[in-house]
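Student: I should like to learn how to read this structure, beginning with its sheet and going on to the contact between its chains. Where should one start?

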2 protein chains.
Amino acid sequence: MLSAELQVASYPEGGVGPQHFSVVKVEVPDGADGLAEGEVLVRNTWTSVDPGLRLRLRAAAPEGYFSAFPLGAPMDGILTVGEVVASRAAGFTTGDTVWHSLGWREHSVVRASDEAMNGIGTLRQLELHGNEPQWFLGALGPMGLTAYAGLAVARALRGGEVLWVSAGAGAVGSLVAQMARLLGHHVIASTGSQEKVRWLQDTLGVDAFSYRDEEPGAALKRLAPDGIDVYFDNVGGDHLEAALDAMRMRGRIALCGSVSDYESEPRGPSNVFLATAKNLTLSGFRGSLYLDLLPEMQARVGRWLQEGHLVCPETVYDGLATAPQALADMLRGRTRGKTLVRL
Amino acid sequence: MLSAELQVASYPEGGVGPQHFSVVKVEVPDGADGLAEGEVLVRNTWTSVDPGLRLRLRAAAPEGYFSAFPLGAPMDGILTVGEVVASRAAGFTTGDTVWHSLGWREHSVVRASDEAMNGIGTLRQLELHGNEPQWFLGALGPMGLTAYAGLAVARALRGGEVLWVSAGAGAVGSLVAQMARLLGHHVIASTGSQEKVRWLQDTLGVDAFSYRDEEPGAALKRLAPDGIDVYFDNVGGDHLEAALDAMRMRGRIALCGSVSDYESEPRGPSNVFLATAKNLTLSGFRGSLYLDLLPEMQARVGRWLQEGHLVCPETVYDGLATAPQALADMLRGRTRGKTLVRL
């Protein structure tokens, strides 16, 4: 049968738009007979729109990143949720809800990988347990895992401490702030505008400040006069330095990213020596290396989502053909929270 | 009865010397009758000579350090080994070998502290098990604990990896290098002269380089072309930066001290962001917070010392009255390894 997929038609020079993609009908198997051993056919229902795609929409991707997408072919590495409609892979049955990384198409033929190849985008059964399927692309997916893994490596899952998260209104930061609050921490979130400060305070229910209006060090003294125990770092630079200063004995820092280093010459914190005096631990981490935490995270965060204690805003586009516009809008900052396409 | 102690007679303006101390005979109890409940009388046999004493030999100690020593009184905070000659403290019996922190005197009346006060210098029974008593002031004492605790926080006790230790010919560094070699690591030690490089290679049996003759980054590429897994940092600054560059995935760094920051404006590593990409952990620590590791460390390191697999050079002075000269010599770099006074 024929099914639609989005192919890269040309590489954008400036802004990405629908003109750089083509909707193409391609032949997919009608059922299990058309599949090879170990393959499943998935009818995709929700697909993710991620900023990282932009880096691969060029003839040669920057060194150290994934390879560039070829022209005239669908993109890969895009997490997608769907339902199995035919299976020749052990452990997968028609009707299963799954995720996999062959998104931006209506149907995908996906090979079930062996254990050794297990990664975040590997074909995986999803236990809905009352969760909405698209949540697995946001709070219950890679973003949620990054937030939860950071709290785990910072030994912050038991609550009862003072935790600061930078870029607290961002995709990962807003999940960290809410998870930490629900775990029983006193949460301080920093962000870049008073509008976001209000959202953090009123909607997410945490303390917040804008680093554009107040030095992080001064804000921490005001909001946490006895110091902080945990810092979830999405920024680096002067934020990391302020955290080292404000840390109490045996504090922990989860190093998730350092946006400040992207924009200018990396500036190292001049007070790393405080880590020795205060017995601090700084843990760099990537969520994708903590897949063992995924079931635990999905169980806890799924319950919070269903009970309305945790919010994860979504901007939803309808139909495969809208995906390029969704990407364009997201890259221009016109979407809010997780950007999704319903297929 | 009368027993000798060293009192601070005056604060040195420049170099420390015997003229700044007085040997004074003071009255100590003859036996248990002269002790209060909870006290023991110790005949000291070995006492430690530590560089940190110099900072307290002044009218006002620098902020953040221990307080200054008063004039006309013996110093405290000096780890000492001795034998119990009388006891009114539960758990301590005549003949026990102990350590405590009231050194630089022939006899000490020491109060056995309650659990809550437990610190590295607290009165503690030593199980000799064939060890020489003075080893407990060096490889089996605070220095050994700092080395071992650093290996523990860097999850490096199981061996089989590539480990770099800076200041590798120093008191702590030379223990780290030897313990790591005996645990089965490939050990690279850095130091500041070719003479020390030869000692590290020939006597300690590890790879070594001098940072005065070769950039740490270049030396690591030469000695560990596939990268390093563990870095024991006694230096900070450019050494820490080189380690972050050379680290393999899931590498660990034990932050023990940053000598380079003492001499000049602290310079932060500009590549902390690599910790995220490579899932690295940086753990600041102080050995004194890891007293729970002391028995394990003493058992393992004691066996290595007895079997001659691990060396800890000593410079020994004889008699209490030589302690000020020992301190003066050590501060001028005229002693080698652990400086000790036999009483």
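Tutor: Start with the order of the strands. In this predicted model, an open sheet of twelve strands has mixed pairing and the order S10(A)-S9(A)-S8(A)-S11(A)-S12(A)-S13(A)-S13(B)-S12(B)-S11(B)-S8(B)-S9(B)-S10(B).

Student: Which strands stand at the edges?

Tutor: An edge is read from the number of partner strands. Strand S10 (207–210) of chain A and strand S10 (207–210) of chain B each have a single partner strand, so one side of each is left without a neighbour in the sheet. From one strand to the next, the twist averages 15 degrees.

Student: How do S12(A) and S13(A) run, parallel or antiparallel?

Tutor: Direction is read together with the bridges. S12(A) and S13(A) run parallel and are joined by four bridges. Within this pairing, Ile253(A) stands opposite Leu282(A) of S13(A).

Student: Which helix of chain B packs on the sheet and touches S13 of that chain?

Tutor: For a helix, one reads the strands touched and then the angle. Helix H2 (residues 142–153) of chain B packs on the sheet, where it touches strands S8 (162–165), S11 (228–233), S12 (247–255) and S13 of chain B. The direction of H2 makes about 145 degrees with that of S11(B). Helix H3 (residues 171–182) of chain B lies across S8, S9 (186–191) and S11 of chain B, at about 170 degrees to S8(B).

Student: What joins S13(A) to strand S13 of chain B?

Tutor: The bridges are again the guide. Three of them join S13(A) to strand S13 (residues 281–284) of chain B, and the two strands run antiparallel. Ser283(A), for example, has Thr281(B) as its bridge partner in S13(B).

Student: How much area do chain A and chain B bury between them?

Tutor: Area and its chemical make-up are read together. The two chains bury about 2000 Å² between them, with 55% of it on carbon and sulfur atoms. On the side of chain A, Thr276(A), Asn279(A) and Leu289(A) lose the most area to chain B, together 24% of what that side buries.

Student: How many salt bridges and residue pairs in polar contact does the rule find across the interface?

Tutor: The two kinds of contact are counted separately. The rule finds zero salt bridges between chain A and chain B, but eleven residue pairs in polar contact. On the side of chain A, strand S12 (247–255), helix H8 (274–277) and strand S13 (281–284) each give two or more residues. S13(A) provides the largest share, four residues. By class, the residues of that side divide into 15 nonpolar, nine polar and three charged.

Note on methods
Residues numbered from 1 in each chain as written. Chains lettered and ligands numbered in written order. Predicted model: local features only at pLDDT ≥ 70, side-chain atom pairs only at ≥ 80, totals over all residues. Heavy atoms only, no water. Buried area = accessible area lost by both parts, 1.4 Å probe. Salt bridge = Lys/Arg side-chain N within 4 Å of Asp/Glu carboxyl O. Polar contact = N/O pair within 3.5 Å; in protein donor to acceptor, adjacent residues only side chain to side chain. Nonpolar A, V, L, I, M, F, W, Y, C, P; charged D, E, K, R; others polar. Pairing = 2+ DSSP bridges. Axes fitted to C-alpha atoms, helices over the stretch in contact; angles between N-to-C directions. Contact = heavy atoms within 4.5 Å.
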